[in-house]
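This report describes a structural model for a reader who has not met it before. The sequence and the structure are shown first, and the description follows.

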Amino acid sequence: MSARLAAYPGVPPLIACAGLLALWELAARVFQIGGLPPAHAALAELPRLLADREALLNILDSVRRMAVGFALALACAVPVGLLMGRSRLVAAFFNPLLMAIYPVPKAALMPIVMLWLGIGDASKTLVIFLGVSLPLVYHAYQGARAVEEKMLWSAAAMGLGATRRLVRIVLPASLPEIFVGIRTGLVLALITMVTSEMIARQSGVGNILFNSLDMALYETVYATILVIGAMGFLLDAAFERLRARLVAWAEPERAIAVGTT
Amino acid sequence: MTARRTSELLVGALPIALILALWYGLAASGAAPPSLLPPPAAVLSRLMGRLGDPVFLEHAATTLARLFAGFAIAVVVGVGVGLAATGSRTVEALVRPLVRILAPVPKIALYPAFILILGFEHASKIALVAADATFPILLATYQGASAVEPKLVWSALAAGTSRRQALIKVVLPAALPSVLTGCRIGLVISCIVVFLAEMIASSNGLGHLLVYAARSFHTVDMFVPLIAISILGLALNAGFNRLRARLLAGFPEEN
Amino acid sequence: MIVIERLSKSFETKRRTAPHLALADISLTIADGEFVSVLGPSGCGKSTLLYIVGGFVQPSEGSVTVGGAPVTGPGPDRGPVFQEFALFPWKTVLGNVAYGLIEQGLGRAEAEAKARALIALVHLSGYENFYPKELSGGMKQRVAIARTLAYGPSILLMDEPFGALDAHTRTGLQNELLEIWERDRKTVLFVTHSVEEAVFLSDRVVVLTRSPGRIKAEVRIGLPRPRRRAELLVDRRYQTLVVDIERLMDRPEERP
């Protein structure tokens, strides 16, 4: 592959994709495993899946829950994080609690939450909200902490009160770090959503996955996996573009260790 | 301990204490029926009871075993590939696009595939844990290894070390702070993923116990595995931090 | 003996299309046991010259031969000492110094014994089990020197080794370096931007132009050895040499 071609940003991942699919096809043919249909069969299933009204509704439901949970988390977590970053008291208040919650898998709360809130949207949205809040708070906190003291002193000298300083200086200055948190949060939202659907089995892509598994519709299972994978990739790529545009003024970002449940 | 530290700890304990008080209050007042919210005392005594129960402990051991197996694979693959990608342009060119597409994909979506190919038992869970935990470890290793000061490597090369050996003898130890940070994240992820995998499709393990209790409407028994995995996660995290401090004895303190 | 012939080095840059020429047409011969300093303004490529001799960087044109054999890569015959010390942070002082000895195939016990002797040579006995982070800059550099001496290179390549140290530590280490050098008179290629340091330490000073670096002048330092700082500072010949070389460096370059 010529170096020129590889320089275009979209090409190597595309080739990697094609490579993986080819590998899959080969492995299925060579190893003849019952549970692994060949790639082309799964791909053929895709159009049928996406055209199916019920499946589409399921997917849209998933996305809606994710969006709502995420928006709520953003509204609550970012202010908390910013306050934590500027006030030792607030930080001391929330830190131990957050550290205690961190290792608890939020999706694992599904059965308990379903007990209290029923099997509808509320339980899944709550779990997504909880899952996404943590990285958002953390990154808002880190971002606010790192804001240069001198910037705030200049602002205070100009007559800005504490709240205005928070909104007009701390928030914009923390934006690059917050965007890192949003990116992590998006990935987490997707994961939490799919997982909670797998546990709750009511609607959504997670549900389609395990339903197909139960009904031994293997091609559908793999086709759904491809759909979810594509969702994850597209979401992340779209966000990256947005982020780069919005915070172009920030220093180059370090690669993120992506992926928590 | 300074006065400030003590006051900070007290402030930090406040929300946790408030939540516990709320829990206790709701249960005791009868505002929440015990079938929905068992009193904290009931949960605690059930937890204590289960910790002495060999059947429960066997489930916990199963979860732990799967966790460690998956984590071990993730460490070997993550560190190995991360290092290899630093040492070889070809490997890097191969790995980079693969990581780019696979990293944002929720690996949990692969779980049904793992079940289909590897069966319902341990292998599918271990595979899922490994799949999820590998990425942060790989990324952290690659980042850390790329950032190693070339003059460290040059010093070793001048002393007679070959380029290949230098990867293991110099780059890896020099990148250890980064690698271990990635491993810690990978460990937490392993904890979470194994539990979730057991909740979704398993006949044993702590995750399975939670779902089983939910299906049998034993609310108290739902809390127990959740608390158990959280304690486990915290303990593993603390233990790992200890190990990390030991291994990084020579490195300057970081934030 | 080091023979550098028509050496040039250019670096690819990402921004500009034309590559950056760091060194141009350097030809230099260094005899065995000679202490040669390379002087020049910042960015003139003097460190690059050192790295090429060390085999860490490949030249774009020209060649370097050491003892008749061309340089293809790093090796224990050419030992580097870097300004940033480049000590292995996960090893103790003893571990660092013994590294080269173990690479040479010595057993652990023997390597450590030899390492201890070297640590004593650089006046750091008692610090064997310290980690580099616990040492001062001057001490770290002493460890770095000991580590390089451990694998017995016949040539020392020193890249502004005292540049990161305060003035007092610096002069102390200059003296120590000369003491160590007097013992077996290795060949030394020493990069610096301090004229006084160059004159104090060397047999010959090579002055480079600013980037792209070419040889502007070579000055022989005929001062007798062993050299003592206190005596030299009030020595007329030393002072004249320093002033002359400074003037030389300030002199505008003739465009070729």
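In this predicted model, helix H5 (88-101) of chain A packs against helix H1 (residues 3-29) of chain B at an angle of about 55°, with the two axes 7 Å apart. Angles that are neither under 35 degrees, nor over 145, nor from 65 to 115 count as oblique, and H5(A) and H1(B) are therefore oblique to each other. Their crossing is right-handed. On the side of H5(A), the residues that meet H1(B) are A:Leu89, A:Ala92, A:Phe93, A:Phe94, A:Asn95, A:Pro96, A:Leu97 and A:Ala100. On the side of H1(B), the partners are B:Glu8, B:Val11, B:Gly12, B:Ala13, B:Leu14, B:Pro15 and B:Ile16. Taken by class, the residues of this contact comprise 12 nonpolar, two polar and one charged.

## The interface of chains A and B

Contacts between these chains involve 52 residues of chain A and 52 residues of chain B. Several helices of chain A each supply at least two residues to the side that touches chain B: helix H2 (11-31), helix H5 (88-101), helix H6 (110-117), helix H9 (162-200), helix H10 (205-214) and helix H11 (218-246). The largest share comes from H11(A), which gives 10 residues. Of the residues on the side of chain A that touches chain B, 42 are nonpolar, eight are polar and two are charged.

## The interface of chains B and C

Here 16 residues from chain B and 23 residues from chain C take part in the contact. Two or more residues of the side of chain B that touches chain C come from each of helix H7 (150-158) and helix H8 (163-200) of chain B. H7(B) gives the most, with six residues. The side of chain B that touches chain C has 10 nonpolar, four polar and two charged residues.

## Chain A as a whole

Chain A has 11 helices and zero strands. Its C-alpha trace spans about 70 × 55 × 30 Å along the principal axes. Of the 261 residues in chain A, 42% are buried. When contacts between residues at least 6 apart in sequence are considered, 73% of those in chain A join residues at least 24 apart.

A:Asn58 illustrates the interior of this chain. This residue lies in helix H4 (residues 53-86) of chain A. Is A:Asn58 buried or exposed? A residue is buried if 20 or more other C-beta atoms lie within 10 Å of its own; A:Asn58 has 21 C-beta neighbours inside 10 Å and therefore counts as buried. Apart from neighbours within four places in sequence, A:Asn58 is in contact with A:Ser203, A:Gly204, A:Val205, A:Asn207 and A:Ile208. By contrast, A:Asn58 and A:Ala156 are 98 residues apart in sequence and 51 Å apart in space, C-alpha to C-alpha.

The confidence of the prediction varies along chain A. The mean pLDDT of the chain is 82, and 92% of its residues reach 70 or more. Confidence is lowest in helix H1 (residues 3-7) of chain A, with a mean of 55, and highest in helix H7 (residues 121-145) of chain A, at 89. Over residues 253-261 of chain A the pLDDT is below 50, and this stretch has 36 contacts in the model beyond near neighbours in sequence.

## Backbone features in loops

Most residues other than glycine have a negative phi, and most peptide bonds are trans. The table lists four places that depart from these tendencies.

| Residue or bond | Feature | Value |
|---|---|---|
| C:Ser211 and C:Pro212 | cis peptide bond | omega about -5° |
| C:Arg225 and C:Pro226 | cis peptide bond | omega about -5° |
| B:Phe217 | positive phi, not a glycine | phi about 60° |
| C:His123 | positive phi, not a glycine | phi about 60° |

C:Pro212 is placed in the loop between strand S9 (204-208) and strand S10 (215-220) of chain C. C:Pro226 is in the loop between S10 and helix H7 (229-233) of chain C.

B:Phe217 belongs to the loop between helix H9 (206-215) and helix H10 (219-247) of chain B. With 10 other C-beta atoms within 10 Å, B:Phe217 is exposed. C:His123 is found in the loop between helix H3 (108-121) and helix H4 (137-150) of chain C. C:His123 has 14 C-beta neighbours inside 10 Å and so counts as partly exposed.

Terms used:
Residues are numbered from 1 along each chain as its sequence is written. Chains are lettered from A and ligands numbered from 1 in the order in which they are written. This is a predicted model: local features need pLDDT of at least 70, side-chain atom pairs count only at pLDDT 80 or more; totals for chains, interfaces and linings use all residues. Two residues are in contact if their C-beta atoms, placed from the backbone, lie within 7 Å. Helices (H or I, at least four residues) and strands (E, at least two) are DSSP runs, numbered from the N terminus. Ala, Val, Leu, Ile, Met, Phe, Trp, Tyr, Cys and Pro count as nonpolar, Asp, Glu, Lys and Arg as charged, and the others, Gly among them, as polar. Axes are lines fitted to C-alpha atoms, for helices over the stretch in contact, and angles run from 0 to 180 degrees between N-to-C directions. A crossing is left-handed if the near helix is turned anticlockwise from the far one by less than a right angle, and right-handed if clockwise. A residue is buried if 20 or more other C-beta atoms lie within 10 Å of its own, exposed if 12 or fewer, and partly exposed in between; C-beta atoms are placed from the backbone. pLDDT is the predictor's confidence in each residue, from 0 to 100.
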